[in-house]
Amino acid sequence: MKFITIDKKEWDKGIEKSKKSYDLFGPVKDKNGFFIKKLENNTLPQMEYHDSVMSAKSVLFPQTEKILETTLDETQVDHHIMKRAKTDYSPRAVVGIRPYDAKAMQILNLNFDTDEYKDPYWCDAYAATTFIGLGINKPGPCDFSTSTGTGPFNEDGLDVLLADLDDKYLAKVLTDKGESYLSSCGFVDTADDKESQVLFDILRKEAEKNIVSNIDTDKLKDKTILELHEAPFWDDIAFSCINCGTCTYVCPTCWCFDIQDETKRKTSTRIRNWDTCMAPLFTSHASGHNPRDAKTQRVRQRFMHKLKYFLDKYDKGIMCVGCGRCVKFCPVNIDIREVCNKMNSYEVAK
Amino acid sequence: MKNPYIPYPVRIDDIEIATEDKSLKTFKFVFLNKEDEQKFSYQAGQFAEISIPGVGEIPIGIASSPVEKGFIKFTVFRTGVVTSHLHNMKVGDILGVRGPLGNWYPWDKLENKNVVIIGGGFAFTTLRSSIIYMLDPANRDKFKNIDVVYGARSPGMLLYREELFEWEKRDDINMHITVDGTDDKTWKYHTGFVPTIVEENAPKADEDTYAIICGPPIMIKFTQPSLVKLGYKEHQIIMSLENRMKCGIGMCGRCNIGKELVCKDGPVFTLEQLNMTPKEY
């Protein structure tokens with residue numbers, strides 16, 4: 001494995017240089033906190049951030065995205081024939097993405113890139129993107145990523161992992177994509193492999209010590225879907241929920257979307273928007289019948305999807321990376337860690 | 001990479017009012033590009049997204065049969081934004097069709113079996129597709145006895161009436177047509193609800209008999225006990241579900257029942273499979 005040292009004095013210049021070959025995204029602060037945004041000219045990623053309010057998923061899966069378009073003008077030969085909307089898929093890089101957000105991209109990829117169908121918007125964006133991760137030296141109190149198969153220095157889904165060493169970054173190059181990005185910045189100063197890896201291991205261990213909460217997921221697999229679905233605790237869990245959907249929007253692994261048509265003059269555009277399973281309309285039939293009419297059913301759907309359906313379907317762990325955003329931003333303090341532990345320890349009365 | 005969101009362009013070739021209250025119409029579409037018809041190769045029981053630019057998409061069961069060539073047919077109940085718009089469209093208009101989507105009735109498993117088809121109201125579209133498929137001279141020998149129980153509120157609410165009465169006259173299919181009630185003195189078929197007609201007329205189950213049910217939830221609910229009385233086991237009862245859908249390809253996340261997605265893992269499930277999932281349909 002190759003390691004590169006980046007002097008922080010060189011950082012800004014290098015990042016600015018890489019904009020010639022990449023569309024850059026990174027943490028930027030606004031009045032509501034840090035967000036992963038496109039870095040326009042003269043904007044640099046604010047690497048001192050702790051975590052972003054929203055995850056990085058919008059870089060690949062925008063909150064609203066044009067997918068198809070056509071003309072309704074019947075004098076045109078191709079009227080009412082839908083074609084793919086044009087989107088720029090030139091190389092992009094997310095600088096400073098947190099390891100749990102990169103892990104979440106792999107989870108989203110399972111949904112959008114399947115043997116049977118490939119979502120071309122996701123797949124093209126995923127292929128175009130290089131992920132430059134930033135290890136988390138001091139994880140916050142809501143971070144439980146080590147018990148969800150990732151962690152503050154996890155490398156899954158990343159092309160480069162950076163460690164912040166005060167006056168410099170130490171970059172672990174994980175893929176060719178990552179190497180290309182670093183060379184586009186002019187960062188080529190290699191560091192000793194062994195020493196660097198030792199340093200990474202120390203940082204990882206120190207960081208993991210800061211993680212104070214965890215979840216148990218070991219027994220979820222053995223219970224049946226129906227056992228957990230019929231468990232008696234769902235009304236209690238859902239009691240305070242106001243179905244605002246915040247948990248689903250801030251979640252880096254929530255992928256559900258809606259498709260809507262919009263027409264301006266004679267141009268019709270098919271758009272996909274993030275959707276939320278917390279909304280009654282999400283499942284409401286045209287007839288008025290709604291299979292998830294009650295709040296409890298919707299809250300249960302969210303947790304069952306993340307912690308049981310996904311686990312059973314893919315056998316690749318749970319659909320949660322432990323970033324803690326839903327815990328932090330829930331207006332009524334519903335905590336996925338408590339729900340998960342309740343589900344994991346639930347025993348059916350025989 | 002094939003873009004699964006792009007519909008095949010089709011032209012409305014014919015529109016037929018399907019029921020006396022005019023709430024259902026049957027649309028016949030032809031593909032604008034001949035080669036798209038090949039790509040849209042489907043099985044009885046599958047559905048498609050009818051895609052109207054500027055309005056939206058709706059998942060609808062395919063009412064034409066794989067053995068019918070040169071067109072596809074959908075019978076649509078006017079109920080929401082897209083279906084209302086479709087009902088107001090005219091012959092010659094251009095729209096899109098995306099599919100075929102979902103699984104189908106298990107035709108491999110049904111070979112050399114007796115098949116009992118049970119339908120109610122306007123949930124008879126993919127069942128029509130199935131009957132036409134099974135009665136096709138190339139396929140009829142693959143199946144043993146075929147029974148059909150189909151009911152609607154009144155004679156005028158039965159879909160595909162002419163075909164039903166044609167099938168009635170044949171000796172290779174046993175039709176049990178029923179209506180909830182009628183004051184038509186010349187009505188020569190059954191009167192009564194589907195569950196009762198099933199109990200009185202459908203064949204008793206043996207290992208080689210399978211039932212396919214499609215209908216409103218209330219009919220399904222009351223037909224199940226009738227089938228149990230006749231000896232049908234959970235794996236011999238095949239059902240087709242519907243749920244709100246958007247993508248139709250298993251990605252948008254709303255149509256799930258437990259870990260199964262109705263759009264991709266379904267819409268066809270056996271009662272045995274459904275009994276292992278939450279009943280969120």
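In strand β7 of chain A, A:T129 is the residue that sits across from A:R92 as its bridge partner. That match belongs to a longer pairing in this predicted model: strand β6 (residues 92-97) of chain A runs parallel to strand β7 (residues 129-134) of chain A, and 5 bridges link the two. As a bit of background, strands in a sheet pair through hydrogen bonds of the backbone, and the pairing can be parallel or antiparallel.

Zooming out, β6 and β7 turn out to be two members of an open sheet in chain A that has 8 strands. Reading across it, the order goes β3-β2-β6-β7-β8-β9-β1-β10, and the pairing is mixed. What about the edges? These places go to β3 (33-38) and β10 (190-191) of chain A; each has just a single partner strand, so one side of each is left with no neighbour in the sheet.

Chain A as a whole splits into domains. Domain 1 is made of two stretches, 2-57 and 87-209, while domain 2 covers 225-345. Measuring sticks aside, the C-alpha centres of domain 1 and domain 2 of chain A are 27 Å apart. Where they touch, domain 1 of chain A puts in 22 residues and domain 2 of chain A puts in 18 residues. The touching side of domain 1 of chain A is a mix of 10 nonpolar, 8 polar and 4 charged residues.

Chain B also comes in two domains, with domain 1 spanning 8-101 and domain 2 spanning 107-240. Here the centres, again taken over C-alpha atoms, are separated by 24 Å. The contact brings together 18 residues of domain 1 of chain B and 14 residues of domain 2 of chain B. On the domain 1 side of that contact in chain B, the residues sort into 8 nonpolar, 7 polar and 3 charged.

Then there is the meeting of the two chains themselves. Chain B uses 35 residues to contact 39 residues of chain A. Which strands of chain B each supply at least two residues to its side of this contact? They are β4 (56-61) and β6 (94-101) of chain B. Of the elements involved, β6(B) gives the most, with 3 residues. Sorted by class, the side of chain B that touches chain A holds 17 nonpolar, 12 polar and 6 charged residues.

Key:
Residues numbered from 1 in each chain as written. Chains lettered and ligands numbered in written order. Predicted model: local features only at pLDDT ≥ 70, side-chain atom pairs only at ≥ 80, totals over all residues. Domains from an automatic or database assignment. Contact = placed C-beta atoms within 7 Å. Nonpolar A, V, L, I, M, F, W, Y, C, P; charged D, E, K, R; others polar. Helix = DSSP H or I, 4+ residues; strand = E, 2+ residues; numbered from the N terminus. Pairing = 2+ DSSP bridges.
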